[in-house]
Amino acid sequence: MQYPVNTINIKNPFKKGHYGVDFGWDSSIKGAESNQPIYAVEKGKVISIQKQVTGGNVLIIRHENGYVSEYAHLSKILVKLYDEVERGEHVANMGHSGIVTGPHLHFGLYKGTKLNYKDKNNFVDPLKYLEKEKNQIISSKSKEKEKILEKRKEVFPLGNYKTLSELNIRSGPGTNYSQKKVKDLTKDGKKNATSTNLNSLAVYKKGTVFTALEIIKKDGVWTKTPSGYICIKGKSGKDYCKKI
């Protein structure tokens with residue numbers, strides 16, 4: 001998932017009592033208080049448009065990866081209920097609707113298919129899931145700057161890796177892609193599958209050594225292998241494979 005703004009200026013990070021991240025406005029944009037574009041962090045569907053006392057104009061999008069994103073204090077919403085949106089699509093403008101001390105975007109990320117404000121346990125820290133696009137910059141004034149930069153420094157070289165647990169082999173880099181069958185694997189892949197039934201879903205055994213041909217940092221870290229796609233590191237930061 002990408003950041004919802006092009007200038008990453010974090011004013012208030014995720015913490016107990018504040019279940020989201022506040023992004024400040026970019027003063028270099030003319031009329032930025034109400035004109036700064038807000039982008040969908042991932043492909044999805046608009047499931048709610050609300051006018052709240054506290055959150056002001058709120059947009060909620062459900063994504064195919066099992067998460068729901070929330071955009072609050074908007075000045076203008078550019079999409080309609082049940083619209084399908086693409087990753088990086090301009091869906092709203094930043095504002096100061098609701099109860100605020102100044103213009104900003106409150107961005108929340110919720111694990112599930114429908115946002116439940118009473119269920120605080122399913123809100124997650126967006127910074128663990130968002131990836132900076134090439135055209136996005138980090139403001140020198142941003143809080144959590146080191147956290148963002150440290151995430152970008154993490155390197156996953158090509159070469160051989162070993163699975164730390166049994167892992168599904170998928171047709172693409174993400175849990176929204178279908179799981180392959182054993183019959184679709186290479187000869188070596190079949191040897192390392194947990195099942196010898198060719199029509200069974202493909203799962204690598206714990207301790208399987210495979211070659212990473214390409215690294216994809218999207219919804220965690222995935223790699224393309226000769227047999228399919230494997231998750232190296234989950235969105236939560238959990239390691240599923242180690243470099244050898």
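Look at the hairpin made by strands E17 and E18 in this predicted model. Three residues sit between the two strands, and one residue to find here is Asp219, which takes a positive phi near 55°. On either side of that turn, E17 covers residues 214–217 and E18 covers residues 221–224. The two strands pair in the antiparallel sense, with four bridges between them. To see one pairing for yourself, find Lys217: its bridge partner in E18 is Val221.

Now keep following the chain. E18 has another partner, strand E19, which spans residues 229–233. These two also run antiparallel, joined by four bridges. Their hairpin has four residues between the strands, and in it Gly228 takes a positive phi near 155°.

Across from Trp222 you'll find Cys231, which belongs to E19. Is Cys231 buried or exposed? It counts as buried, because its relative accessibility is 10% and the cut-off for buried is under 20%.

A cysteine might make you wonder about disulfides. How many disulfides does a search of the whole structure find? The count is zero. For Cys231, the reason is distance: the closest cysteine sulfur belongs to Cys241 and lies 7.4 Å away, which is too far for a bond. A disulfide would need the two sulfur atoms within 2.5 Å. Seen from the other end, Cys241 has the sulfur of Cys231 as its nearest cysteine sulfur, and Cys241 is in no disulfide either. Cys241 is buried too, with a relative accessible area of 5%.

How values were computed:
Residues are numbered from 1 along each chain as its sequence is written. This is a predicted model: local features need pLDDT of at least 70, side-chain atom pairs count only at pLDDT 80 or more; totals for chains, interfaces and linings use all residues. Side-chain values use heavy atoms; hydrogens and water are left out. Buried means under 20% relative accessible area, exposed over 50%, partly exposed in between (1.4 Å probe, protein chains only). Two strands pair if DSSP finds at least two bridges between them.
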